[in-house]
Amino acid sequence: MKDSTTRGFVAGVTGGVAMNIVSYISYYLGIANLRFLDWPSIIITGHSPTNILSVIFFLIVQLIFVGFLGSLFALLISRLITSINYIFKGILFGLISWFAIYALTYISDVPKLTPLTTLTAVTDFIGAVVFGFVLAETLNRLDSRKELP
């Protein structure tokens, strides 16, 4: 893949899959009361998914969103900042994204997304770290493959 937007999208979706695994484990262990896929569902429909079709649909929507975030990260890494310490920058990007999304939902007072339990916030924080790490490492590997003859 020669296009940084596409590589970033793929890296973002890969990071999104990893963060959703964290989210699902925490949710089904009763630690968190929301999954990452609940966010787009609540924003779009006003409630969490109610059947398997809506779960799949909103998981895809959430993965498209994190794919977009991955494209944004790839653009930043390739144009505005260096790829030195890319893991740190990826984790920082994941945490800034997490905080910005939390801040926007709090400021907007989105019902069912505010207030959240502390354990849900901690789970999402960990998910953001995992997302940033996997995003940066995947993008680095895809960028390295691009340079091979």
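**Notebook: helix packing, a surface patch, a salt bridge**

Started with H2 against H3: helix H2 (residues 38-45) packs on helix H3 (residues 52-80) at an angle of about 105°, and their axes are 8 Å apart. That angle makes H2 roughly perpendicular to H3, since 65 to 115 degrees counts as such. Note to self: this is a predicted model.

Next I looked up who touches whom in that contact. On the H2 side I found Pro40, Ser41, Ile44 and Thr45. They meet Phe58, Val61 and Gln62 of H3. I sorted the residues of the H2 contact with H3 by type and got four nonpolar, three polar and no charged.

Then I went over the surface. Which residues form a nonpolar patch there? I got Phe9, Ile52, Leu53, Ile56, Ile60 and Ile64, with about 600 Å² of accessible area together. H3 turns up again here, as it gives the most to the nonpolar patch, with five residues. Phe9 is found in helix H1 (residues 4-28).

Last entry: salt bridges. How many does the structure hold? I count three salt bridges. I pulled up one with arginine 7, whose side chain meets that of aspartate 143 at 2.6 Å, N to O. Arginine 7 lies in helix H1 and aspartate 143 in helix H5 (residues 118-147), so this pair ties together parts that are 136 residues apart in sequence. Jotted beside it: side chains of opposite charge can pair when their charged atoms come close.

Definitions and conventions. Residues are numbered from 1 along each chain as its sequence is written. This is a predicted model: local features need pLDDT of at least 70, side-chain atom pairs count only at pLDDT 80 or more; totals for chains, interfaces and linings use all residues. Side-chain values use heavy atoms; hydrogens and water are left out. Axes are lines fitted to C-alpha atoms, for helices over the stretch in contact, and angles run from 0 to 180 degrees between N-to-C directions. Helices (H or I, at least four residues) and strands (E, at least two) are DSSP runs, numbered from the N terminus. Angles under 35 degrees count as roughly parallel, over 145 as roughly antiparallel, 65 to 115 as roughly perpendicular and the rest as oblique. Contact means heavy atoms within 4.5 Å. Ala, Val, Leu, Ile, Met, Phe, Trp, Tyr, Cys and Pro count as nonpolar, Asp, Glu, Lys and Arg as charged, and the others, Gly among them, as polar. Patches are made of residues with over 30% relative accessible area and no salt bridge: like charges are joined within 9 Å, nonpolar side chains (Val, Leu, Ile, Met, Phe, Trp, Tyr) within 5 Å. Accessible areas come from the Shrake-Rupley method with a 1.4 Å probe; for residues, only the protein chains shown count as cover. A salt bridge is a side-chain nitrogen of Lys or Arg within 4 Å of a carboxyl oxygen of Asp or Glu.
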